[in-house]
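Good morning, and thank you for the invitation to speak. Please look first at the sequence and the structure, which I shall now show.

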Amino acid sequence: MQRRSFLTGSGSGAFAVGAYSTPVTRWLAVPADADAAHTGTRRVGRQDLDNLWAAAAQAQRADSRHGGGDRAASLVTRLLHERAVPLLDGDYSDAVGRELRAGTAELARVAGWAALDMGQHDLAQRHFNQALRMAKAGGSMNVGAHVMTNLALQTILRGYPDEAVDMVQGAYDRARHRAAPRVLAFVKLIEARAHARLRDRRAAATALAASEHLLERADSTTDAEPEWIGYYTPARMAADAVEIHRDLGLPDAALRWDTRATPMSAADFTRSVGLRMTVLATAHLQKGDLDRALADGRQAVTILQGVRSARAGDYLRGAVRAMEPWRRHPGVTELTRQAHQVILLSTTGAPRLSATAP
């Protein structure tokens, strides 16, 4: 768990669902280590911990706005090595050590998500595995359950929804009495996404309803919850519900959920809003409404043109492929041309330089 344990280098993009078997099993069996104290030469204090959490939060904001290829988002791996890892070798009590490891886990999770977003899935897996191990070392059920849910979402995106269901159900059962309601709500959301990929309408509806109930509970309580899960709002749930119902072949329901997703700001959640527009386009195509699909597709292109994200490119490709039956339509031809330009820029454009890590 010390300096030599943290990875360097970039990923090749390969994904092996089996790489999660041992880390997941270990976390589910014993999600918290016994002691996190450490004796070293440099005393670790409150300011060190605050700086660590702030760095993770800024990297996550940059990722949401500009994609995993953004300069600030990509700097998070350097932050792990230059800030977090040296602190692990410091001198601190059990309480400080637990928060230090939880904060390091969050940094590793953000690094993993940025790698995933750029299609570097093997690198993302290694970061996620490290994040889960750090969450275990810190004894943070909130962070551990959140990391597990990120593992599951990657597993869904790589085409293994069955395995993802097992992950999130295990995470929920392990954390249900100790994690914050908003964290548990996000776990249930990703379970709903996995069931939707399996075309299991009943299971998806049950998980989504549970997520909504937990989110209502989180919004109605004054109990403290982690700041880093604040992004999961009713609007974010609705945005994912659009995709869930599209995947289930229920376009009317998808469009109804979209009205609840509109409060999400494209300025703050640029990638998420752009992805939702591509999903809306395909939902309209399920209804045979090409004009509405083209309008949403054009909006997606406009929103995503400044985002560096291989995942955004994948969503745009999916929307274009869904329009194949209308490929001779002038609007489809033009949208395809524009989408391909954005896809090219999303993975080869220069990183943004406007955002810097703290």
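I shall go through several helices, two helix pairs and a few single residues.

Let me begin with the ground rules. This is a predicted model, in which local features need pLDDT of at least 70 and side-chain atom pairs count only at pLDDT 80 or more, while totals for chains, interfaces and linings use all residues. Residues are numbered from 1 along each chain as its sequence is written, and side-chain values use heavy atoms, with hydrogens and water left out. The helices I name are DSSP runs of H or I with at least four residues, numbered from the N terminus.

We start with helix α2, which covers residues 46-66. With its 21 residues, α2 reaches 30 Å from first C-alpha to last, close to the 30 Å expected at 1.5 Å a residue. The expected span is 1.5 Å times one less than the number of residues. Which residues of α2 are buried? I use three words here: buried is under 20% relative accessible area, exposed is over 50%, and partly exposed is in between, with a 1.4 Å probe and protein chains only. The buried residues of α2 include D48, L49, L52, A55, A56 and A59. Just after α2 comes G67, with a positive phi of about 95°.

One residue of α2 deserves a closer look, namely Q60. Q60 has a relative accessible area of 17% and is therefore buried. Contact, in this talk, means heavy atoms within 4.5 Å. Leaving aside neighbours within four places in sequence, Q60 is in contact with E106, R109, V110, W228 and Y231.

Next is helix α5, residues 94-117. It has 24 residues and reaches 34 Å between its first and last C-alpha, close to the expected 34 Å. How many residues of α5 are buried? The number is 19 of 24, and α5 is mostly covered. G119, just after α5, takes a positive phi of about 80°.

Helix α13 spans residues 270-286 and has 17 residues. It reaches 25 Å, close to the 24 Å expected. Of its 17 residues, 15 are buried, so α13 is largely enclosed by the rest of the structure. Just after α13, G288 has a positive phi of about 80°.

I turn now to pairs of helices. Axes are lines fitted to C-alpha atoms, for helices over the stretch in contact, and angles run from 0 to 180 degrees between N-to-C directions. The axes of α6 (residues 121-138) and α7 (residues 141-157) come within 9 Å and cross at roughly 160°. The two helices are therefore roughly antiparallel to each other; that term applies to angles over 145 degrees. Their crossing is left-handed, meaning that the near helix is turned anticlockwise from the far one by less than a right angle. Residues of α6 in this contact include H121, A124, Q125 and F128, and among those they meet in α7 are V143, G144, V147 and L151. By class, the contact has nine nonpolar, six polar and no charged residues. Here Ala, Val, Leu, Ile, Met, Phe, Trp, Tyr, Cys and Pro count as nonpolar, Asp, Glu, Lys and Arg as charged, and the others, Gly among them, as polar.

The second pair is α11 (residues 234-247) with α12 (residues 251-261), which pack at about 165° with their axes 8 Å apart. That angle makes α11 roughly antiparallel to α12. This crossing, too, is left-handed. The residues in contact divide into 11 nonpolar, one polar and three charged.

Finally, a few single residues. Y20 lies in the segment before α1 (21-29). With a relative accessible area of 1%, Y20 is buried. Which residues does Y20 contact, leaving aside its neighbours within four places in sequence? They include A124, Q125 and F128, together with L151, Q154 and T155. Y20 and T155 are 135 residues apart in sequence, and their C-alpha atoms are 9.5 Å apart.

Most residues other than glycine have a negative phi. R199, however, has a positive phi, near 60°. R199 sits in the loop between α9 (181-197) and α10 (201-220), and at 54% relative accessibility it counts as exposed.

My last residue is Q299, in helix α14 (residues 290-304). Its relative accessible area is 39%, so Q299 is partly exposed. The C-alpha atoms of Q299 and A281 are separated by 9.6 Å, while the two residues are 18 apart along the chain.

Note on methods: Parallel < 35°, antiparallel > 145°, perpendicular 65-115°, else oblique.
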